[in-house]
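Visitor: I have a few minutes and a model to look at. Can you walk me through it?
Guide: Sure, let's put it on screen.

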Amino acid sequence: MEYHQEEMDELIASLPKEKAFLAPSLCLYQNFWFPITVLPNIITFQRHFKAKDNDIVLASQPKTGTTWLKALVFSIVNRHRFDPSNTLLLTSNPHELVPFLEFTLYANNAKPNLDDFSEPRIFSTHLPYSCLPESMKRSNCQVIYISHNPLDTVVSSWHFFKSLVQSENQPERSMEEHFETFRQGITGLEKPHKVLFLKYEDLKEDVVAQVKKVAEFVGLPFSLGEEKEGVAQEIAETCSLRKLKDLEVNKTGKFMPNFENRSYFRKGEVGDWVNYLSPPIVARLRRIMEEKMSPFGLEF
Ligand code: A3P
């Protein structure tokens, strides 16, 4: 069902709202806070998306390693079409190759024809599981979820917003101010069927092992020949921060009007938070992490 502007205005008027940083404001929809500007996209996505059983959906909270995961999964799935010398990653940002459902494909009330995408289709989303379209939940599509220690994620998102405010000539926020909004946005997780949970930290520790795990999960395990040729190692190298950060497309291009491609590639170090977070912030965040994450076995 297409939405009409009047219907959307009425819905937005009826929802609780909060002022937000760098977004017109947030509204509480299906138990989660979303920027008001993204809500129409989410509703169109929920109403129109038709999942296929072989779809692969990359799910993440912002700044948890989404870009890296997109590069890796794209390379794993398309390894028989491209090799490191001609991969599309050389000329396109990973966000162009694996588009966001709610920010890109269903933006501006678009109802894209996704039937012609080459299969398996790979999409990404920052939406929590409970907000995904029914068609996706009912299908056998596979979800790969990446998590990242919230202490590093808060630092990563602080740097990301800093680069954004600089490009929009807005005043910078202190880490304490940033932490307050971050803290409010921490969400619970649901552990559904057919989900592969990855940790950014495990990718950092042994990316080749994780590449093999993802390949198995999506039903495309590496053959003995590929093992001998070191294809998983090649993929890991092609998708490394050092390689991607150095590509012209990622140094100069833009992804969506406000987001510079380079702001997605920073330091990529686990534990960098010790250089930025004060002990009281660390203690507060640790308490929240314990409360929200330990029931899901996500201990950092
Ligand atoms: P830092 O800010 O800690 O450096 P997202 O892609 O979800 O926006 O997450 C961005 C974080 O992932 C940034 O972390 C960024 O540097 C890191 N990142 C991006 N590409 C990466 C890659 N190929 N390898 C490792 N980390 C990467």
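Visitor: Leaving aside its neighbours within four places in sequence, which residues is I144 in contact with?
Guide: This is a predicted model, to begin with. In it, I144 is in contact with I56, L58, L69, V73, L196, L198 and V214, leaving aside neighbours within four places in sequence.

Visitor: And which members of the largest nonpolar core touch the most others?
Guide: L72, V73 and I144 do. That core has 51 residues. Helix α3, residues 66-77, supplies the largest share of this core, with eight residues.

Visitor: What does the second core include?
Guide: L151, W158, F179 and W273 are among its members. This second core is separate and has 11 residues.

Visitor: New topic, the ligand. How many residues surround it, and which are the closest?
Guide: There are 22 around the ligand. The closest are T66, T67, S156, R266 and G268.

Visitor: Which elements give two or more residues to that shell?
Guide: Those are α3, α7 (150-167) and α13 (241-245). Helix α3 gives the most, four residues.

Visitor: How does the shell split by class?
Guide: Eight residues are nonpolar, nine are polar and five are charged.

Visitor: On to α12. Which of its residues are buried?
Guide: V231, A232, I235 and A236 are buried in α12, which spans residues 231-238. These residues lie on the same side of α12, because they cover an arc of only 140° around the axis.

Visitor: What do the buried residues of α12 pack against?
Guide: They pack against α3, α10 (207-217) and α11 (224-229).

Visitor: Now the hairpin. Do β2 and β3 run parallel or antiparallel, and how many bridges join them?
Guide: Antiparallel, with four bridges between β2 (residues 26-29) and β3 (residues 32-35). L28 stands opposite W33 in β3.

Visitor: Which residue in that hairpin takes a positive phi?
Guide: Q30, near 50°. The hairpin has two residues between the strands.

Visitor: Last one, F197 in β7. Why does F197 count as partly exposed?
Guide: Because F197 has 16 C-beta neighbours inside 10 Å. Buried would take 20 or more, and exposed 12 or fewer. Strand β7 covers residues 195-199.

Visitor: What is F197 in contact with, leaving aside neighbours within four places in sequence?
Guide: Y145 and S147. As for A59, its C-alpha atom is separated from that of F197 by 9.6 Å. The two residues are 138 residues apart along the chain.

Key:
Residues numbered from 1 in each chain as written. Predicted model: local features only at pLDDT ≥ 70, side-chain atom pairs only at ≥ 80, totals over all residues. Core = buried A, V, L, I, M, F, W, Y, C linked by C-beta atoms within 7 Å. Contact = placed C-beta atoms within 7 Å. Near = placed C-beta within 6 Å. Nonpolar A, V, L, I, M, F, W, Y, C, P; charged D, E, K, R; others polar. Arc of directions from axis to C-beta. Pairing = 2+ DSSP bridges.
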